Amino acid sequence: MHISSAFDSGNIKVIDKKSTPVELAIRIDNQSDFYQWFHFRLEGEVGNEYPLRISNAGKAAYPEGWENYRVCASYDRHNWFRIDAEYDGKALDFTVDLEQPSIYLAYFAPFSWERHLDLIAWAQSDDRVQAETLGLTLDGRDMTLLTIGNPDTAKRKVWMIARQHPGETMAEWFVEGFLETLLDESNSAAMRILQDTVFYVVPNMNPDGSVRGHLRTNAAGANLNREWQSPSMERSPEVYLVRERMLATGGDMFLDIHGDEALPYNFVAACEGVPGYDEKHATLENIFKDAFEKASPDFQTEQGYPLDKPGEANMTVGTNWCGHQFRTLALTLEMPFKDNDTLPDPIEGWSPARCRSLARDMLFPIRETLAYMDEAEK
Ligand code: ZN
């Protein structure tokens with residue numbers, strides 16, 4: 001039996017290969033305390049069972065994320081299915097019943113850097129898209145912004161950023177689905193919205209953390225979603241570059257795409273705790289949420305984070321910073337690592353296909369909210 005993880009977003013340490021179960025541990029994000037993302041390959045004898053134990057699971061960033069969690073697995077790195085796991089408060093145990101000579105195991109279906117580059121290359125081949133390198137990350141990777149639509153004639157500007165937390169790969173599966181929808185020339189809603197709206201999309205806010213196999217931080221150990229008040233080129237160039245561009249460009253709507261380790265639902269968090277949160281914020285938020293619920297049975301508003309008290313928002317968080325700075329709608333979308341418990345999928349759990357489907361359905365609440373803005377200004 002052989003275990004390896006020296007590849008894009010790989011993360012595992014073999015502690016004891018001879019023990020039963022085989023003892024493994026997740027590597028900590030560089031220069032930080034966070035860890036939870038894992039991704040490795042196991043090679044063995046077809047027909048054998050391989051009991052595995054992630055022995056440091058209980059001290060991971062979100063231990064409640066392991067409750068009712070099922071491990072993502074794939075033989076072909078294309079189709080991902082789930083393997084049952086058991087969590088006793090300390091370790092995560094699961095058994096691989098090997099049907100092919102090797103299997104990949106991960107916290108969620110990985111979205112590789114190569115796939116990211118493919119996505120950018122595909123998108124920029126469309127006349128309506130401009131790909132722009134805002135600058136470089138600490139490891140020297142491109143920070144790419146896609147501008148979709150005509151900035152000179154558009155009346156509205158919508159920002160979408162994803163994967164500030166690199167282990168939340170569902171966020172980039174979502175963006176891929178959103179771009180496919182927006183650029184689909186047989187989708188009349190997409191064609192209509194691009195007549196007067198321009199989209200600014202950053203598909204991957206944390207390239208270095210993604211490739212390094214981090215859960216939550218960039219190469220320097222910075223949690224990018226706590227850097228929005230005072231980002232720097234030394235510690236958080238990813239946020240610095242995107243924020244500068246936002247300040248220069250402005251925007252009518254800000255969407256930040258994430259995944260949540262613990263909650264088995266899709267939900268949004270708003271910026272109700274920022275100074276100056278007002279009727280406009282609240283109205284736009286309600287219109288968006290109502291329309292999203294109508295558009296997708298995968299979206300709901302019952303389950304989510306506790307609301308911030310007025311004036312008590314953490315202003316270092318991207319959504320709060322944007323909602324306050326631009327005095328408009330700013331939302332964090334959270335998707336599950338586990339499953340949507342209101343519509344569970346016993347084979348795949350929450351999956352890349354469901355992320356893309358949810359993204360497709362998000363076009364409707366965006367349109368409804370922009371239509372309201374137009375109406376209110378008349
Ligand atoms: Zn996140």
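Hi everyone, this is a short walk through one protein model, from its zinc site to a glycine in a loop.

Before we start, please keep in mind that the model is predicted: local features need pLDDT of at least 70, side-chain atom pairs count only at pLDDT 80 or more, and totals for chains, interfaces and linings use all residues. Residues are numbered from 1 along each chain as its sequence is written, and side-chain values use heavy atoms, with hydrogens and water left out.

Let's begin with the metal. Which protein atoms are the donors of the zinc ion? They are ND1 of His 165, two OE entries from Glu 168, and ND1 of His 258, lying 2.1 to 2.4 Å from the zinc ion. A donor here is an N, O or S atom within 2.8 Å of the metal (3.2 Å for Na, K and Ca), and water is not among the atoms, so sites may look incomplete. Along the sequence, the donor residues follow the spacing H-x2-E-x89-H. Distant parts of the chain are linked this way: His 165 sits in the loop between strand 13 (156-162) and helix 2 (170-182), while His 258 belongs to strand 15 (residues 253-260), 93 residues apart. When I say helix or strand, I mean DSSP runs numbered from the N terminus, with helices being H or I of at least four residues and strands E of at least two.

Why is the arrangement around the zinc ion irregular? Because the four donor atoms subtend angles of 56 to 146°. For four donors, tetrahedral requires all angles between 85 and 135 degrees; four count as square planar and six as octahedral if opposite donors are over 155 degrees apart and all others between 65 and 115, and anything else is irregular.

Are the two histidines buried or exposed? His 165 is buried, at a relative accessible area of 2%, and His 258 is buried, also with 2%. Buried means under 20% relative accessible area, exposed over 50%, and partly exposed in between (1.4 Å probe, protein chains only).

Now over to the strands. Strand 12 (residues 142-148) has six of its seven residues buried, so it is largely enclosed by the rest of the structure. Strand 11 (residues 129-136) runs antiparallel to strand 12, with seven bridges joining them; pairing needs at least two DSSP bridges between two strands. Here Gly 135 stands opposite Met 143 of strand 12. The two strands form a hairpin with five residues between them, and Gly 140 in the turn has a positive phi of about 90°. Strand 12 is also joined by three bridges to strand 14 (residues 197-202), again antiparallel, and Ile 148 has Phe 199 in strand 14 as its bridge partner.

How about disulfides? A search of the whole structure finds zero, a disulfide being a pair of cysteine sulfur atoms within 2.5 Å. The sulfur of Cys 355 is 10 Å from the closest cysteine sulfur, in Cys 72, too far for a bond. Cys 72 is buried, with 3% relative accessible area, and Cys 355 is buried with 0%.

Next, Thr 319, which is found in helix 7 (residues 318-325). Thr 319 is buried at 4% relative accessible area.

Last stop: Gly 44, in the loop between strand 4 (39-43) and strand 5 (49-54). Gly 44 is partly exposed, with a relative accessible area of 24%. Its C-alpha atom is separated by 37 Å from that of Leu 358, 314 residues apart along the chain. Thanks for listening!
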